[in-house]
Amino acid sequence: MHAKTGDHIVIETAKLDTRRRHGDVLEVLGDQDNEHYRVRWDDGHESIYFPGSDAQLRPAD
């Protein structure tokens, strides 16, 4: 996954009672081999996110 600032990340979940997480990429951190992101999630909190196989990337509009 290679995101840019402003892109949108959606994290799918395998749990039936847990909804998808949505967030906006605020900053790209690391290098191409170890890229991770500062994300503002739809509930308003921010965190550093290391993407996994459950993540989807949607380009900024």
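Here are three short exercises on this predicted model, each with a worked solution.

**Exercise 1. The core**

Find which residues make up the largest nonpolar core, and which element gives the most to this core.

*Solution.* Start with the membership: the largest nonpolar core has nine residues, namely Ala-3, Ile-9, Ile-11, Val-25, Tyr-37, Val-39, Trp-41, Tyr-49 and Ala-55. Next, look for elements that give two or more residues to this core; these are β1 (8-11) and β3 (36-41). Finally, β3 gives the most, with three residues. To see one core member in its surroundings, take Ile-9: beyond its neighbours within four places in sequence, Ile-9 is in contact with residues including Val-25, Tyr-37, Val-39, Tyr-49 and Ala-55.

**Exercise 2. The rings**

Work out how Trp-41 and Tyr-49 are arranged, and decide whether Trp-41 is buried or exposed.

*Solution.* A search of the whole structure finds one aromatic pair. Trp-41 and Tyr-49 form this pair edge-to-face, at 5.6 Å centre to centre and 90° between the planes. Now for accessibility: Trp-41 has a relative accessible area of 3%, so Trp-41 is buried, since buried means under 20%. Tyr-49, at 11%, counts as buried too. One last partner remains: the charged end of Arg-21 sits over the ring of Trp-41, 4.0 Å from its centre.

**Exercise 3. Partners of His-2**

Identify what the side chain of His-2 makes a polar contact with.

*Solution.* First locate His-2, in the segment before β1. Then set aside its neighbours within four places in sequence: His-2 is in contact with Glu-35, Tyr-37 and Leu-57. The polar contact is with the side chain of Glu-35, at 2.9 Å.

Terms used
Residues are numbered from 1 along each chain as its sequence is written. This is a predicted model: local features need pLDDT of at least 70, side-chain atom pairs count only at pLDDT 80 or more; totals for chains, interfaces and linings use all residues. Side-chain values use heavy atoms; hydrogens and water are left out. A nonpolar core is a set of buried Ala, Val, Leu, Ile, Met, Phe, Trp, Tyr and Cys residues joined through side-chain atoms within 4.5 Å. Buried means under 20% relative accessible area, exposed over 50%, partly exposed in between (1.4 Å probe, protein chains only). Helices (H or I, at least four residues) and strands (E, at least two) are DSSP runs, numbered from the N terminus. Contact means heavy atoms within 4.5 Å. Rings of Phe, Tyr and Trp (its six-membered ring) pair if their centres lie within 6.5 Å; planes under 30 degrees apart count as stacked, over 60 as edge-to-face and the rest as tilted. A charge sits over a ring if NZ of Lys or CZ of Arg is within 6 Å of the ring centre and within 35 degrees of the ring normal. A polar contact is a pair of N or O atoms within 3.5 Å; within protein, one must be able to donate a hydrogen and the other to accept it, and residues adjacent in sequence count only if both atoms are side-chain atoms.
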